[in-house]
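Here's a quick walk through one model, strand by strand and then into the interior. Have a look at the structure first, and then we'll go through the details.

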Amino acid sequence: VPQTNTKIDLVLNDNSNLDALINASNNEKVASVTYSREMTSGSWGTICLPFDVESNREVVFYQLDQADDESDVMTFKAIDGVVEANTPCVIQKIGDTNYLELKASTFDVSKDVDLTVALANDWSIIGTYFNTRVYVTEETPNLYYIKSNKFLHANGYFNLKPFRAYFKYDGVVSSAAVSRFSIEIADEFSTGINSASVEAQVEGV
């Protein structure tokens with residue numbers, strides 16, 4: 001059977017993971033990679049991709065700018081310029097479509113790359129390229145994630161789809177304060193994300 005050297009645009013989505021890109025690139029079959037996700041315009045979520053991206057008329061990328069432990073307010077700021085590959089962050093879908101699509105011709109296929117980014121005031125954001133079940137432990141009692149436009153404090157465990165991220169807080173939070181975190185945007189636009197609440201053992205993000 002004749003071998004073909006035809007290269008493809010590899011599509012990554014919720015039904016794939018980084019292995020699909022690694023396997024295809026090892027066979028030198030990838031000309032470009034596209035990440036796609038159904039996402040309602042105006043909604044918020046998290047993302048972590050193996051290629052550089054930038055905000056555009058369809059999506060804006062944000063990162064935690066500061067966190068006020070006394071008022072329990074987290075302030076996010078739009079990322080100016082390129083969001084480098086393997087950088088987990090928060091996104092808002094904008095524009096007229098309910099479909100997110102990001103494309104690149106260069107990408108990183110390092111499977112063991114560190115996907116943790118240290119943020120302000122003992123916060124960090126951690127990305128994943130695979131279906132992942134994240135457990136709350138005594139060492140990591142304060143884990144947070146975004147689902148359905150809610151900023152949730154994990155109780156027990158939660159599941160992440162590929163190319164998502166979650167937050168870890170290493171400071172001291174009282175049980176009463178857990179549900180009081182609110183989110184603001186540095187450019188004074190409201191996120192529309194509800195303050196953190198507790199959700200037990202949810203099945204997917």
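Let's start with a pair of strands. Strand β2, residues 30-38, runs antiparallel to β9, and six bridges join the two. Within that pairing, S36 sits opposite E101 of β9. Keep in mind that this is a predicted model.

Zoom out a little and β2 and β9 turn out to belong to a three-stranded open sheet, ordered β1-β2-β9, with mixed pairing. The edges are taken by β1 (8-12) and β9 (99-104); each has a single partner strand, so one side of each has no neighbour in the sheet. From one strand to the next, the twist averages 25°. As a reminder of what holds such arrangements together, strands of a sheet pair through backbone hydrogen bonds, in either a parallel or an antiparallel way.

There's a helix on this sheet too. Helix α1, residues 18-26, lies across β1 and β2, and its direction makes an angle of about 165° with β1.

Another antiparallel pair is β12 (residues 132-135) with β15, joined by four bridges. Here Y135 has Y157 in β15 as its bridge partner. Which way do the side chains of β15 (residues 157-160) point? Y157 and N159 go one way, while F158 and L160 go the other, and all of them are buried.

Now for the interior. How many cavities of 30 Å³ or more does the structure hold? Just one cavity of that size turns up, and the volume of the largest cavity is about 40 Å³. Its lining consists of I47, C48, L49, F51, V53, F61, V83, E84, T87 and C89. By type, that lining splits into eight nonpolar residues, one polar and one charged.

Finally, a couple of backbone angles you may want to check. N86 has a positive phi without being a glycine, and S148 likewise has a positive phi although it is not a glycine. Here they are side by side:

| Residue | Phi | Loop | Relative accessibility |
|---|---|---|---|
| N86 | near 70° | between β7 (82-83) and β8 (89-93) | 10% |
| S148 | about 55° | between β13 (143-147) and β14 (150-155) | 62% |

Are these two loop residues buried or exposed? N86 counts as buried because its relative accessible area of 10% is under the 20% cut-off. S148 counts as exposed, since its 62% is over the 50% cut-off.

Terms used. Residues are numbered from 1 along each chain as its sequence is written. This is a predicted model: local features need pLDDT of at least 70, side-chain atom pairs count only at pLDDT 80 or more; totals for chains, interfaces and linings use all residues. Side-chain values use heavy atoms; hydrogens and water are left out. Two strands pair if DSSP finds at least two bridges between them. Axes are lines fitted to C-alpha atoms, for helices over the stretch in contact, and angles run from 0 to 180 degrees between N-to-C directions. Contact means heavy atoms within 4.5 Å. Buried means under 20% relative accessible area, exposed over 50%, partly exposed in between (1.4 Å probe, protein chains only). On a 1 Å grid over the protein atoms alone, a cavity is a set of points where a 1.4 Å probe fits but cannot get out, and a pocket is an open set with protein on both sides within 12 Å along at least five of seven lines; lining residues have an atom within 4 Å of a point. Grid points are joined across faces, edges and corners, and a volume is the space filled by probe spheres set on the points. Ala, Val, Leu, Ile, Met, Phe, Trp, Tyr, Cys and Pro count as nonpolar, Asp, Glu, Lys and Arg as charged, and the others, Gly among them, as polar.
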